[in-house]
Amino acid sequence: MAPSYRARYDGAMADLPEPPASRALAALAPYLRPHAPVLALAALCVACGAGAAMAMVPLARYAADAFGKLTFGALNLIVLGLIALFALRGAFNFAQAALSSHVSLAATAQLREDVFARLLALDLAFHRRHRPADLGARLVADVGLVKDALAALLAELVPSVIIIFYSLGYVFWLNWRLALATLVGAPVVGLAIAHFGRKLHDLAGEGQVRVSDVFVRAQESLAAAALVKAFGREAEEAARFAAASQAHRQALWRAAIVGASQSPVIATLQTAAMGGVLWVGGYEIIQGRLAPADLIAFAAAIGVAVDPTLAVSHAWSRIQIALAGARRVVALLEVPLPPPPPADAPPLGQVAGALAAEGVAFAYEPGRPALAGVSVAAGPGEVLALVGPSGGGKSTLAMLLVRLGDPDAGRVTLDGRDVRTIRPAELRRAIAYVPQDPVLFAGTIAENLRFGRPAASDADLEAACRVAQAHDFVVALPEGYATTLGEGGGGLSGGQRQRLAIARALVADPAVLVLDEATSALDNATEEALRHALADRMRGRTIVIVAHRLASINGADRIFVLAGGQVVQAGTPAALLAEEGPFRRLVEAGDAGTPSRQAS
């Protein structure tokens, strides 16, 4: 039986195993297929450029003969022919390079967009397991290496190989003995190129890991700048970043040393091989089996192949370096996506708002369950509260209720339908979610509020902000709703960010609203005003509240107490207060749970 999605997903998430080079290359091939016509035109330019380069060989032979009895006509022909051939070769090389660059840039842009789209499609369990900075490094730096590899393949490797084969064909036609002498040194040069390629591939893989570490150190420290300053840890954080930076520098330095030694080693081997060929050619002339003009033509043919051989060496090294990045990128593309809804799934239609979890189990890591057989239900128009100690599973359950992940067992339903059978776009229109630590994007307040409903009017924004108790502070800003926020809502307090996040959810006009400790940063008076306004706005609609303060769950129709990933008590507020149990103990302690900034 084929492994389940969850089993395949856990295996892929373990450490993002990198596929072999052959599979990585196969995964990249579809990105080149749409550009086949441009590649064909580039190949034609390659062939023409190689032909212009090889035409210099018979011109060299003609010049060798002509200089013995030189005339003005022959001299003009040689000079003009040389200029024309170089100009033709340059024109074809330019056209081929431009076409190749177009293909490599277009293909890698599409690759980067596909990887980004896949990262967005993966559920939150994946993002909890992997550092954003490392994913960013793969998206930017590693895809950049793939671009370099495609450019090297199309602009250097293919043209150079064609010229080398042209040269070999010509020298075999000219003198097979000399051609065989030329091939004696070819395996040595080829082995040297392969050796340098392997070394650079390994060093490039280490370098990409180190650059991810640099991204991570920078992102973590800068994102927590206030905390770093509050604890006076600037020097320590700078030292941690410096250590990562130096490790990256050392990896690049080792790769640079190998790369720098490549050209002189290859050139020396080529020169030694060329010296052997000249010796054999001289011997053939002494024996009367080769004309001096033919030896000059032969040397010209070999000379034409010298630069392409070095180009092959450099291109092969760049490709090996890029393969390290390509494998890291393809590893992301191979993480399984959550199964889509059935192709024949009926439309969601009008949403009543009955939301339920039935026997739900979930684990972020195998063997460490966050939820075990949890069942909760909210009827249409009800206010349901989830309370309990930190780590009890409240936020995990809220995440599953809005399908930011799928349970390992059991199911979540909306109006009786498994949410996995509902098209994602329809589900997102029906349910809005506000986390404790809301994210605001760089842009205006109005743009942030319209994030879930771009067509919302200015009146819609104002109405939602009045309910969320945000309108007064927004209009007090210099440009009101047109005020531009920094990244993450920079310039606003935590309470202001939470109120804007609630307003953004209300602008989307959902049938179900899930608030995951979304008012934790508000003072009691503001929270009370927001609760009353929200009750009026959402009358007849379903609200799920994850709370750590009793004030947040005032007005709840039913309460579920979670502890240890299980429902340990459930009922109406009056019923729970009337019986001895976890909820009454929480009330007597003056809290409905323990405040936590982490998803429980």
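Good morning. The count of salt bridges in this structure comes to 15, a salt bridge being a side-chain nitrogen of Lys or Arg within 4 Å of a carboxyl oxygen of Asp or Glu. The model is a predicted one, in which local features need pLDDT of at least 70 and side-chain atom pairs count only at pLDDT 80 or more, while totals for chains, interfaces and linings use all residues. Residues are numbered from 1 along each chain as its sequence is written, and side-chain values use heavy atoms, with hydrogens and water left out.

Let me begin with the salt bridges. Side chains of opposite charge can pair when their charged atoms come close. One such pair is Arg 23 and Glu 334, at 2.8 Å from N to O. Arg 23 belongs to helix 2 (residues 21-28) and Glu 334 to the loop between helix 11 (292-333) and strand 1 (355-365), so this pair ties together parts that are 311 residues apart in sequence. Helices (H or I, at least four residues) and strands (E, at least two) are DSSP runs, numbered from the N terminus.

Are these two residues buried or exposed? Arg 23 is partly exposed, with a relative accessible area of 41%, and Glu 334 is also partly exposed, at 34%. Here buried means under 20% relative accessible area, exposed means over 50%, and partly exposed lies in between (1.4 Å probe, protein chains only).

A second pair is Asp 418 with Arg 420, whose closest N and O atoms are 3.0 Å apart. Asp 418 is buried at 13%, whereas Arg 420 is partly exposed at 25%.

In helix 18 (524-537), Glu 528 forms a salt bridge with Arg 531, the closest N and O atoms being 2.7 Å apart. Being three residues apart in that helix, Glu 528 and Arg 531 are separated by about one helical turn. Glu 580, Arg 584 and Arg 585 are joined into one network by salt bridges that share partners.

I turn now to the sheet. Six strands form an open sheet in the order 6-9-10-3-11-12, with mixed pairing; two strands pair if DSSP finds at least two bridges between them. Why do strand 6 and strand 12 each have one side without a neighbour in the sheet? Strand 6 (431-434) and strand 12 (566-571) stand at the edges, each with a single partner strand, so one side of each is left free of a neighbour. On average, neighbouring strands of this sheet are turned by 15° against each other, direction ignored.

Strand 3 (residues 383-387) and strand 10 (residues 542-546) run parallel and are joined by four bridges. Ala 385 has Ile 545 as its bridge partner in strand 10. Helix 12 (residues 394-401) packs on the sheet, touching strands including strand 3 and strand 10, and its direction makes about 150° with that of strand 10. Contact means heavy atoms within 4.5 Å; axes are lines fitted to C-alpha atoms, for helices over the stretch in contact, and angles run from 0 to 180 degrees between N-to-C directions. Helix 17 (residues 494-507) lies across strand 6 and strand 9, running at about 175° to strand 6.

Finally, two backbone details. Gln 469 has a positive phi of about 60° although it is not a glycine, and its place is in the loop between helix 15 (458-467) and helix 16 (471-475). Glu 517 likewise has a positive phi, of about 50°. Glu 517 is buried, with a relative accessible area of 5%, whereas Gln 469 is partly exposed at 26%. Thank you.
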